[in-house]
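Student: I would like a close look at one part of this model: the loop next to the ligand and the helices that pack beside it. Please work outward from there to the rest of the fold.

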Amino acid sequence: MDEQQEIEPLGPTTASETGRSLSNGIALYLHIPFCETKCPYCDFNTYAGINHLIPSYIEALSNELRTWASTLRHPRVNSVFLGGGTPSMLSPKQMNDLFTLIRAEFAVQKDAEISAEVNPDDVTLERMTGFVEAGLNRISIGVQSFDDTELQLLGRRHSVAQALKAFEAVQRAGITNVSMDLMYGLPHQSLESWKRNIEGIITAAPQHISAYALTLEPDTPMAQQVSKHIIPDQDPDLAADMYEWATGALAKAGYRNYEISNWAQPGRESKHNITYWHNLPYLGVGPGAHSFLGGYRFANGKSPVTYMAKVNAWGEPPPDLETLLRENPGYVQDIEPMDAQTEMADSLIMGLRLAEGVRNRDFCARYGVNLHEVYGDAIKETISLGLLKSNGMWPEATIQLTERGKLLANEAFVRFLGD
Ligand code: SF4
């Protein structure tokens with residue numbers, strides 16, 4: 001008999017100890033909801049034309065950080081990520097003030113990965129040097145394409161030459177851990193032009209690459225242009241060919257496809273994102289930011305103005321997480337106490353995004369039950385569809401997506417969701 005089966009399984013209404021405990025540290029996300037202009041495909045919670053709010057926003061963000069740090073008793077932080085939006089719109093002083101506060105209020109680990117997304121048009125050597133002095137050690141550049149015509153279609157304000165210049169400035173500032181983002185499956189994009197994109201990024205040789213298929217949400221200007229036939233619709237088969245070509249070329253260039261949409265040189269995987277994929281605790285601050293903390297999932301309200309008003313009206317920090325969530329209607333929304341079934345499904349689905357897949361032993365250690373006891377039928381079905389593979393003998397087995405499963409991940413994941 002498998003010794004792990006002797007562990008008492010979690011009750012259906014209980015989040016796992018791993019999901020609740022902060023003792024191993026958290027990932028900290030800061031949302032910066034400002035953009036110079038709004039790209040026509042973007043449905044992130046970001047806004048153009050409100051840059052004048054940046055100084056007061058930083059104050060509100062600082063208030064939120066102070067409150068959380070006190071309520072959570074100054075927890076250990078393993079990684080910090082500034083995303084948006086456009087964190088590179090912050091000045092070095094604003095960045096420095098934020099990190100002075102974060103280091104004073106949270107136990108930021110010495111080896112913490114501290115990243116910010118930057119847009120190439122904001123990057124100067126001076127600004128990046130200031131960011132390094134503030135404590136950043138990883139930069140993610142929103143390159144998006146190595147083709148100027150595609151950049152124009154995407155409404156980006158930078159050119160390929162500017163993106164490469166930004167990369168040079170980031171490196172000269174002393175950052176040796178750089179990620180670049182690309183998008184594929186664009187209207188008008190051919191396989192040939194995508195190949196040139198991949199060749200461009202391989203030549204640039206950042207340590208990490210993210211490549212996401214363009215997903216058009218219905219209310220974005222670009223989706224409307226597609227529905228009015230002003231620009232052509234996307235071709236999912238072509239996008240699949242692009243993904244396969246990228247995977248082959250990037251592997252030859254020494255990048256490991258460690259997550260469906262992410263590639264890294266050895267040791268340069270994103271620690272911050274791995275926290276999400278391992279379904280471990282994280283705190284998101286700023287409007288629209290999501291958190292998984294103390295056995296709850298929740299999100300802040302989306303409006304930056306309402307967010308600032310709510311956060312600035314806070315008094316003494318609440319004594320615990322439950323009080324903070326309960327006493328702040330309008331600031332925290334979508335509060336979902338995590339039950340074991342939901343947390344297990346989340347862990348499985350997010351874990352399967354990773355090349356390493358999900359080890360039965362790890363699942364068992366966290367939840368007290370074997371994977372096949374909970375998901376036996378779904379695993380069999382997904383394997384029979386060629387989307388999943390099982391390596392090793394149970395209970396030592398690991399399940400992983402196949403190459404086909406990576407292309408059709410949602411078809412695999414849906415089989416692990418409850419009713
Ligand atoms: S810069 Fe990024 S966050 Fe801002 S609008 Fe464009 S895609 Fe969205």
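Tutor: We start at the ligand, move to the helices, and end with the domains and their strands. Keep in mind that this is a predicted model.

Begin with the shell. Cys35, Lys38, Cys39, Cys42, Phe44, Thr46, Gly84, Gly85, Thr86, Asn119 and Gly142 surround the ligand. By class, four of these residues are nonpolar, six are polar and one is charged. Take Gly84 and Gly85, both part of that shell. The peptide bond from Gly84 to Gly85 is cis. Its omega is near 10 degrees. Strand E4 covers 76–84, and Gly85 lies in the loop that leads from E4 to H3. Thr86 is also among the residues around the ligand.

Next comes the helix after that loop. Helix H3 runs over residues 92–105. Two packing partners of H3 are worth following: H2 and H4. Two packed helices are described by the angle between their axes and the distance between those axes.

Take H2 as the opening pair. Helix H2 spans residues 54–71 and packs against H3 at an angle of about 10 degrees. The two axes are 10 Å apart. H2 and H3 are therefore roughly parallel to each other. From H2, the contact uses Ile58, Ser62, Leu65, Arg66 and Ala69. From H3, it uses Gln94, Asp97, Leu98, Leu101, Ile102 and Glu105. Sorted by class, the residues of this contact are six nonpolar, two polar and three charged.

Now H4. Helix H4 covers residues 125–134, and its axis comes within 9 Å of that of H3. The crossing angle is roughly 10 degrees. H3 is therefore roughly parallel to H4. On the H3 side, Pro92, Met95, Asn96 and Phe99 make the contact. They meet Arg127, Gly130, Phe131, Glu133 and Ala134 in H4. Five of the residues in this contact are nonpolar, two are polar and two are charged.

Another local backbone feature sits further along the chain. Ala205 is not a glycine, yet it has a positive phi of about 60 degrees. Ala205 lies in the loop between helix H7 (191–204) and strand E8 (208–213).

Step back to the domains. Domain 1 covers 17–277 and domain 2 covers 344–416. Taken over C-alpha atoms, their centres are 28 Å apart. Nine residues of domain 1 contact nine residues of domain 2. On the domain 1 side, helix H9 (236–252), strand E9 (256–259) and helix H10 (271–277) each supply at least two residues. E9 gives the largest share, three residues. That side of domain 1 divides into six nonpolar, two polar and one charged residues.

E9 deserves a second look. E9 pairs with strand E10 (residues 262–264) over two bridges, in the antiparallel sense. Glu259 has Asn262 in E10 as its bridge partner. A hairpin of two residues links E9 to E10.

Finish with a further sheet. It is open, has three strands in the order E15-E17-E16, and is paired antiparallel. E15 (358–359) and E16 (388–391) are the edge strands, each with a single partner, so one side of each has no neighbour in the sheet. Helix H15 (residues 371–384) packs on this sheet and touches E15, E16 and E17. The direction of H15 makes about 125 degrees with that of E16. E16 and E17 (residues 398–401) run antiparallel and are joined by four bridges. Within this pairing, Asn391 stands opposite Thr398 in E17. The loop between E16 and E17 holds Pro395. The bond joining Trp394 and Pro395 is a cis peptide bond, with omega about 10 degrees. Compare the start of this tour: the bond from Gly84 to Gly85 is cis too.

Conventions. Residues numbered from 1 in each chain as written. Predicted model: local features only at pLDDT ≥ 70, side-chain atom pairs only at ≥ 80, totals over all residues. Pairing = 2+ DSSP bridges. Contact = placed C-beta atoms within 7 Å. Axes fitted to C-alpha atoms, helices over the stretch in contact; angles between N-to-C directions. Near = placed C-beta within 6 Å. Nonpolar A, V, L, I, M, F, W, Y, C, P; charged D, E, K, R; others polar. Parallel < 35°, antiparallel > 145°, perpendicular 65-115°, else oblique. Domains from an automatic or database assignment.
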